[in-house]
Amino acid sequence: MKMSLQGIGMTSRRTRERMVARLGVQGITSNKILDVMRNTPRHIFVDEALSSRAYEDTALPIGFNQTISQPYIVAKMTELLLEFGPLSKVLEIGTGCGYQTAILAQLVGHVYSVERILPLQKKAKNHLWDLKLKNISYLHSDGGWGWPDFAPYDGILVAAAPSEIPEMLLDQMAVGGVMVIPIGKGSRQELQRVVRKENGFEIEELERVSFVPFLSGRE
Ligand code: SAH
């Protein structure tokens, strides 16, 4: 096993235990999700120089002007996505460093993860492989197109904020499917949950959030 996976010092299980206790205080109630976050090393997804800060409730830089989402946001989005029942196929837009992917992969049948910055996705892939998470497929693409080949999805989680919900993502939702997505420009964003019904979409507006912008094209 790699040194980085062993959990030494600040990266230990005890530090993670504190993170999970904090998530409980912040209102995360799903024990299943808390258990997965307790058992998933977060420090391996950030640069070594930042690994001592990996369990703080903060977003951290992962290169290419992007950030790893704070633990609370990862937990909250996962909880909102899974609230109505288990999911078999989840589309994730914005693999980033792969931490959210790791959490999802342990809670749903299969994760289809799309990222527009190739080097980020390659690194994420390696870390997820080290964790032996194999129920993940990767696509280097602009997530605004979704991933039509495997649609429809019963869950979609978007980790970057567009100014409105991309139409292609709505098209790729199964009836009964759930999407969690930050919407808005600059610092004025809110988390929304969309549920696809037989005859349309139901949208809930949730809390204020701060995500990196949803960009088009690939790098
Ligand atoms: N959950 C990730 C979040 C990373 S930040 C983590 O914890 O690491 C959001 C990611 O979305 C970035 O990696 C960014 O490159 C990616 N992104 C932004 N717009 C995108 C788009 N249109 N298609 C695919 N990925 C996108």
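# A tour from the sheet to the helices

Start by selecting the seven strands of the open sheet, which has mixed pairing and the order β5-β4-β3-β6-β7-β8-β9. Two strands pair if DSSP finds at least two bridges between them. Helices (H or I, at least four residues) and strands (E, at least two) are DSSP runs, numbered from the N terminus. This is a predicted model, in which local features need pLDDT of at least 70 and side-chain atom pairs count only at pLDDT 80 or more, while totals for chains, interfaces and linings use all residues. Residues are numbered from 1 along each chain as its sequence is written, and side-chain values use heavy atoms, with hydrogens and water left out.

**The sheet**

Colour β5 (136-140) and β9 (200-209) next: these are the edge strands, and each pairs on one side only. From one strand to the next, the twist averages 15°.

Now select β6 (residues 153-158) and β7 (residues 173-185). These two strands run parallel and are joined by four bridges. To find one position in the register, pick L157, whose bridge partner in β7 is V180.

Then show helix α6 (residues 118-130), which packs on the sheet and touches β4 (110-115) and β5. Contact here means heavy atoms within 4.5 Å. The direction of α6 makes about 165° with that of β5. Axes are lines fitted to C-alpha atoms, for helices over the stretch in contact, and angles run from 0 to 180 degrees between N-to-C directions.

**Loops around β5**

Move to K132, in the loop between α6 and β5. K132 has a positive phi of about 65° although it is not a glycine. Most residues other than glycine have a negative phi, and most peptide bonds are trans. K132 counts as exposed because its relative accessibility is 64%. Buried means under 20% relative accessible area, exposed over 50%, and partly exposed in between (1.4 Å probe, protein chains only).

On the other side of β5, select S141, in the loop between β5 and β6. S141 has 14% relative accessibility and therefore counts as buried. Leaving out residues up to four places away in sequence, S141 touches V114, E115, R116 and R218.

P152 is also found in the loop between β5 and β6. Display the backbone here: A151 and P152 are joined by a cis peptide bond, with omega about 0°.

**The hairpin**

Go to strand β1 (residues 60-63) and strand β2 (residues 66-68), which pair in the antiparallel sense over three bridges. L60 stands opposite I68 in β2. The two strands form a hairpin with two residues between them, and F64 in the turn has a positive phi of about 55°. N65 lies in the loop between β1 and β2, and its phi is near 65°, a positive value in a residue other than glycine. At 76% relative accessibility, N65 counts as exposed.

Step back along the chain to A54, in the loop between α3 and β1. A54 counts as buried, at 0% relative accessibility. Its contacts, leaving aside neighbours within four places in sequence, are R42, H43, V46 and L60. Draw a distance from A54 to H43: the two are 11 residues apart in sequence and 5.0 Å apart in space, C-alpha to C-alpha.

**The helices**

Select helix α3 (residues 31-39), where I33, L34, V36, M37 and R38 are buried. The buried residues of α3 pack against α2 (13-25), α4 (71-82) and α5 (99-105).

Keep α2 and α3 on screen. Their axes come within 8 Å and cross at roughly 155°. The two helices are therefore roughly antiparallel to each other, a term for angles over 145 degrees, where under 35 counts as roughly parallel, 65 to 115 as roughly perpendicular and the rest as oblique. R13, R16, E17, M19, V20 and L23 of α2 make the contact with L34, M37, R38 and N39 of α3. By class, this contact has five nonpolar, one polar and four charged residues. Here Ala, Val, Leu, Ile, Met, Phe, Trp, Tyr, Cys and Pro count as nonpolar, Asp, Glu, Lys and Arg as charged, and the others, Gly among them, as polar.

End on M19, in helix α2. M19 is buried, with a relative accessible area of 0%. Apart from neighbours within four places in sequence, M19 is in contact with M37, R42, Y55, P71 and Y99. The C-alpha atoms of M19 and H43 are separated by 12 Å, with the two residues 24 apart along the chain.
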